[in-house]
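I opened the notebook to look up how some helices pack and what space is enclosed. Entries follow in the order I made them.

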Amino acid sequence: MNYFLALTSMLLLATGFGLLIIWVSRKFKGEGNPVVEQINQVLPQTQCGQCGYPGCKPYAEAIAKGEAPINQCPPGGQDGIRKLATLLDVEELELNPENGEAEEQDTIVEIIEADCIGCTKCIQVCPVDAIVGAAKHMHTIIGDECTGCDLCILACPVDCIIVIPAPLPAQIRRQQKPDLLKTIQEASQW
Amino acid sequence: MTQWFIIFISAAFVNNFVLVRFLGLCPFMGVSNQYKSALGMSYATAFVLTLSSIVSYLVNEYLLVPLGIEYLKTLSFILVIAVTVQITEMILHKSSPLLYQVLGLFLPLITTNCAVLGVALLNVQQQNSLLESAFFGFGAAFGFGLVLVLFSAIRERLEMANIPKSFRGIPIALMTAGIMALAFMGFGGMVNA
């Protein structure tokens, strides 16, 4: 009888606390900073750093805080700036030439594997870990992961990285990436 | 009034949780690399400790004692602490993003801080009342925070000091902690508790 009492009371206590947590989490639902999330969705997720920030999310945070103007993202192009301007209800600006020129078309890069000396320099600069390879072994680029940020081209000492037009799915992929990222973040929260 | 003051001083200095009772050593070593993070950890611990000692007192007094199942106090206190931390984190996240930025990182760490469970269990052992429990919890947190901040300041200085190679890092930190514990023994006998 006593065991039964102990078991039920602990179960009830745990269930009660569980329900309390559910209620509080519904009541205080926070998406981090919703503005940052929305800006981040608009940014192209190339993680190229041309805006002067380490990646798209930090740039989104800076925009949300009002520390950065919206015209520093060359991969997003004028289209991206227009979207940001609509989202934030501010004036549309011309792309800042100091950050680079807008890309004509969607591109990714490819390694001319015959020329690769295996120095791993491109692996170190890749912001999305899209390059595989080891020291003194040939490297290659995972086309599905490459965002076309071109950071590896400058790092390559033998100029064996070339720009190629992105396969069509890349555009779809870029739009999906933030969602995937969000799913992972949400899953890891608990 | 004097009685609460004595409880506070006793928990903070005489029976300091880190250096006299040797509870909560994990964050004491882990988060004391930098003065700033030590300060954040201290604030977060103070908040959670005070709150959880109040809640666990209520659970003990109104659930465990009437049902005669005090032997389940460890289990239920762990539950109470985890829930308190989780709810605190959620409410902070929404209502005060600025404070969340300071404390947020440290809150989940506190769940596994044995000083928090220690305070809850000692409250029962010493048969403290509700207010006494709260003061005991806050005093313990104050002592923990004080020692943590002092220790981190010392460690920051030690980073710059010219220490023999074999003593660098954790060894000198452990020795420092030992000497601090010796110094805190000076408080012994100040209050009979």
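Is the crossing in which H3(B) passes H7(B) left-handed or right-handed? I found it right-handed. I note that I am working on a predicted model.

**Entry: H3(B) and H7(B)**

I took helix H3 of chain B as residues 35–67 and helix H7 of chain B as residues 114–125. Their axes come within 9 Å and cross at roughly 40°. That angle makes H3(B) oblique to H7(B). I then listed the contact residues. H3(B) supplies B:Leu49, B:Ser52, B:Ser53, B:Ser56 and B:Asn60. From H7(B) come B:Ala115, B:Val116, B:Val119, B:Ala120, B:Asn123 and B:Val124. Sorted by class, this contact has 6 nonpolar and 5 polar residues, with no charged ones.

**Entry: H4(B) and H7(B)**

Next I looked up helix H4 of chain B, residues 73–95, against H7(B). I read an angle of about 130° and axes 10 Å apart. The two helices are therefore oblique to each other. The crossing is right-handed. On the H4(B) side I wrote down B:Lys73, B:Thr74, B:Phe77, B:Ile78 and B:Ile81. On the H7(B) side the contact is made by B:Val116, B:Leu117, B:Ala120, B:Leu121 and B:Val124. The classes here are 8 nonpolar, 1 polar and 1 charged.

I compared the two lists for H7(B). B:Val116, B:Ala120 and B:Val124 touch H3(B), and B:Val116, B:Ala120 and B:Val124 also touch H4(B).

**Entry: H1(A) and H3(B)**

I then turned to a pair between chains. Helix H1 of chain A covers residues 2–27, and its axis comes within 10 Å of that of H3(B). The crossing is at roughly 155°. How does that set H1(A) relative to H3(B), roughly parallel or roughly antiparallel? The angle makes H1(A) roughly antiparallel to H3(B). The crossing is right-handed. H1(A) brings A:Leu5, A:Ser9, A:Met10, A:Leu13 and A:Phe17 to the contact. H3(B) brings B:Val59, B:Leu63, B:Leu64 and B:Leu67. I counted 8 nonpolar residues, 1 polar and no charged.

**Entry: cavities**

Last, I looked for enclosed space. How many cavities of 30 Å³ or more does the structure hold? I found 5. The largest holds about 90 Å³ of space. I listed 15 residues lining that cavity. Nearest its centre lie A:Val109, A:Cys126, A:Cys146, A:Cys149 and A:Cys152. The lining divides into 12 nonpolar, 2 polar and 1 charged residues.

Terms used: Residues are numbered from 1 along each chain as its sequence is written. Chains are lettered from A and ligands numbered from 1 in the order in which they are written. This is a predicted model: local features need pLDDT of at least 70, side-chain atom pairs count only at pLDDT 80 or more; totals for chains, interfaces and linings use all residues. Side-chain values use heavy atoms; hydrogens and water are left out. On a 1 Å grid over the protein atoms alone, a cavity is a set of points where a 1.4 Å probe fits but cannot get out, and a pocket is an open set with protein on both sides within 12 Å along at least five of seven lines; lining residues have an atom within 4 Å of a point. Grid points are joined across faces, edges and corners, and a volume is the space filled by probe spheres set on the points. Ala, Val, Leu, Ile, Met, Phe, Trp, Tyr, Cys and Pro count as nonpolar, Asp, Glu, Lys and Arg as charged, and the others, Gly among them, as polar. Axes are lines fitted to C-alpha atoms, for helices over the stretch in contact, and angles run from 0 to 180 degrees between N-to-C directions. Helices (H or I, at least four residues) and strands (E, at least two) are DSSP runs, numbered from the N terminus. Angles under 35 degrees count as roughly parallel, over 145 as roughly antiparallel, 65 to 115 as roughly perpendicular and the rest as oblique. A crossing is left-handed if the near helix is turned anticlockwise from the far one by less than a right angle, and right-handed if clockwise. Contact means heavy atoms within 4.5 Å.
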